[in-house]
Amino acid sequence: MIEISYYTRLEPRPRANDLTGTLTAEVRDPLWLLARQWQIGEFAGEDAGSLALVEYAGRTTKFPRWKLGKTDAEQALTQGAPLETQTLREPFNPDFATQIELFHDFADYLRQEVGSESTTQELLEKFGERAEFKIAKAPEPDVDKLNPFDAATKRFLGVCAGRTLNGVELLNLAKSVAGGGSIPITTTAALIEKIKNALAKLLSRVTAVFGDVGNADPAAWNIRHLEYALHVVGEDPAGAGNVTLRAHPDSDGEFDWFSFDMVDKNASATEEAPIPRAASTIPARVRFPGMAASRFWAFEENTLAIPDILATGTDDLLKLLIADFMFIHSNDWFVLPFEQPVGSLAQLDYLLVHDVFGTVTAVLRADRDETKAGTNRWTMFSNSDLGPGNDGLADYFIVPPTPGVTMQLGSVLEDVRFGRDETANMAFGIEEVTTSAIGEPRTGRQRDADVNAARIVAPPTTGSDFPLRYQIENELPANWVPLLPVLEDPSNPSVVLQRGKAEKTLDGETPGPVTPLSKILLPNFSTTPYFIAEEEIPRSGLQIERVVYRSRWTDGSTHLWVQRRRKIGAGEAQSGLQFDQALPNES
């Protein structure tokens, strides 16, 4: 079948080559336009000049130091790394995978130093003869039935055990040698020096890539309140000493401008002089999608349906205010660039606006005269001044030394959910994700299944003439850690939550405590009593994560670090814990 398609197209054909008449946009009815101007009130306007030029001048300073508490010793901050890596970083876990990786790095460095494969193997064998450098296979069956190795770890150790060395112990040896320690194997003096050089390279690489490897908690982490507690010292932009800012990262683990509050000021401190900054620029009008055209002879894009904004009625005051700004006052707002260095505090001395008539207008801060908190204060992008006797605002703007949104989130090493179970009248720390022995994420349900598979569960009592059997309490999953309310100080009636341990039977009769695996619930892997402030776990719950971040800095360097982030929980917990149960006695 033959099909013929045809269409009609309209083409404009100018009758002359001159576009002057078209571009003039002549008005055929000026009286109608004048009437429209009178109708909308344009004749009631003021004879004001249009904005032509803006001048501003100010000063910027840096963040030279940080400290834990207001009275603690200060530590230097370098400009060559993000603030998070210098204040929030914690060591990477010394898991088996890290041990193998560091061993191979050391073997490569040693091979480069020695220059002989056979000599390198001989030296590595001598290290392997010492017990502290050996990596053993996973025991069969599991020795710790309440914390058995997962299947992936057993396979990993089956391949690597006996063939490699413990690179973390080699790293500890490198630290010891750097402090004047000796090499624990016997060989020639020349080879000893080559081993020391290889260890120095290993230590340098670990410091540059990982920062450190170990089990220590970050110094800025408050284990009692489950949050970071640190202060950053900044040079006062006014040139009067320095200011101390309390820093608290947001739920994504980032330091933003609103993460800082001024808590102290030392006007007598000696700091570097502020850097003056001044510029003149022509501002641009504020633009946003859907904005009404500011000129009469302009085509507007159909990107905003005005009837849809007010379709739900006019009782939404916020919506009416936004619509009023968009359609009436938006062309009265301007934007101008101000380049503030990363990791600095800035203060403006003046901002002068020049119009086309030569009039100069000084623009002051909107909150300059009203700094006390109350109904008369209006402010945006301001930091609070919480110093002694103050309830005002800090007169500067902060751009912290942080990668911000460029921080790339890596693996979630630990995920602990805190919640209250009102039925059981207890609080729990639920280890949703922990790190396995080879550094892989391991869910709490998988751990509980591995525990149940490794131990012997006694069957219910049978063959009795009694129809019911008594159970004092049922078992909790292995990843549920009870938090018990206790009085830490008998003289203080305040209640705190103490980390406890749930019990599971090992061989059907003997109970054993289930130890938490996360560093969040087991700070520094210590067995001492661990207390958490009760107010830190609300009914809405709490979530603490240990995550890996990666980011580039302004000089192009790459930074890798582990830190924690605090989020709102998912509500109350349902543990299913029950006491004093009468259960059917199966026969």
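This report describes strand pairing, nonpolar cores, salt bridges and the largest pocket in a predicted model.

## Strand pairing

Strand β22, residues 496-499, has pairing partners in β21 and in β25. With β21 (residues 480-486) the arrangement is antiparallel and comprises four bridges. An antiparallel arrangement also joins β22 to β25 (residues 531-533), here through three bridges.

Residue Q498 of β22 can be located in both pairings. Q498 faces L484, and it also stands opposite F531 in β25.

## Nonpolar cores

Nonpolar side chains in soluble globular proteins tend to be buried together. The largest nonpolar core in this model has 34 residues, and the members that touch the most others are L230, V232, L245 and F418. Two or more residues each are supplied by β6 (230-235), β7 (242-247), β8 (260-266), β17 (408-421), β21 and β26 (542-552). Strand β7 provides the largest share, namely three residues.

Beyond its neighbours within four places in sequence, L230 is in contact with W66, K67, L68, T87, L88, A220, L245, R246, A247 and F255. Apart from the largest core, there is a second, separate core of 33 residues, with F103, L170, I192 and V562 among them.

## Salt bridges

Side chains of opposite charge can pair when their charged atoms come close. The model contains 29 salt bridges. One of them joins the side chains of D236 and K265, with an N to O distance of 3.1 Å. This pair connects distant parts of the chain, since D236 lies in the loop between β6 and β7 while K265 belongs to strand β8, 29 residues apart. The two partners fall into separate accessibility classes: D236 counts as buried because its relative accessibility of 5% is under 20%, whereas K265, at 46%, is partly exposed.

A further salt bridge is formed by D415 and R417, whose closest N and O atoms are 3.0 Å apart. Here D415 is buried, with a relative accessible area of 6%, and R417 is partly exposed, with a value of 30%. In the salt bridge between R447 and E431, the N to O distance is 3.6 Å. R447 is in helix α11 (residues 444-454) and E431 is in strand β18 (residues 426-435), so this pair also links distant parts of the chain, 16 residues apart. Both R447 and E431 are buried. In addition, a network of salt bridges links E90, D217, E414, K519, R546 and R564.

## The largest pocket

Rolling a probe the size of a water molecule over the atoms shows where empty space is left. The largest pocket has a volume of about 1,500 Å³. Its lining consists of 34 residues, of which L336, L348, L351, V363 and L364 are the closest to the centre.

Four elements give two or more residues to this lining: β1 (51-62), β11 (334-335), β12 (344-355) and β16 (397-399). Strand β12 gives the most, with seven residues.

Note on methods
Residues are numbered from 1 along each chain as its sequence is written. This is a predicted model: local features need pLDDT of at least 70, side-chain atom pairs count only at pLDDT 80 or more; totals for chains, interfaces and linings use all residues. Side-chain values use heavy atoms; hydrogens and water are left out. Two strands pair if DSSP finds at least two bridges between them. A nonpolar core is a set of buried Ala, Val, Leu, Ile, Met, Phe, Trp, Tyr and Cys residues joined through side-chain atoms within 4.5 Å. Buried means under 20% relative accessible area, exposed over 50%, partly exposed in between (1.4 Å probe, protein chains only). Contact means heavy atoms within 4.5 Å. A salt bridge is a side-chain nitrogen of Lys or Arg within 4 Å of a carboxyl oxygen of Asp or Glu. On a 1 Å grid over the protein atoms alone, a cavity is a set of points where a 1.4 Å probe fits but cannot get out, and a pocket is an open set with protein on both sides within 12 Å along at least five of seven lines; lining residues have an atom within 4 Å of a point. Grid points are joined across faces, edges and corners, and a volume is the space filled by probe spheres set on the points.
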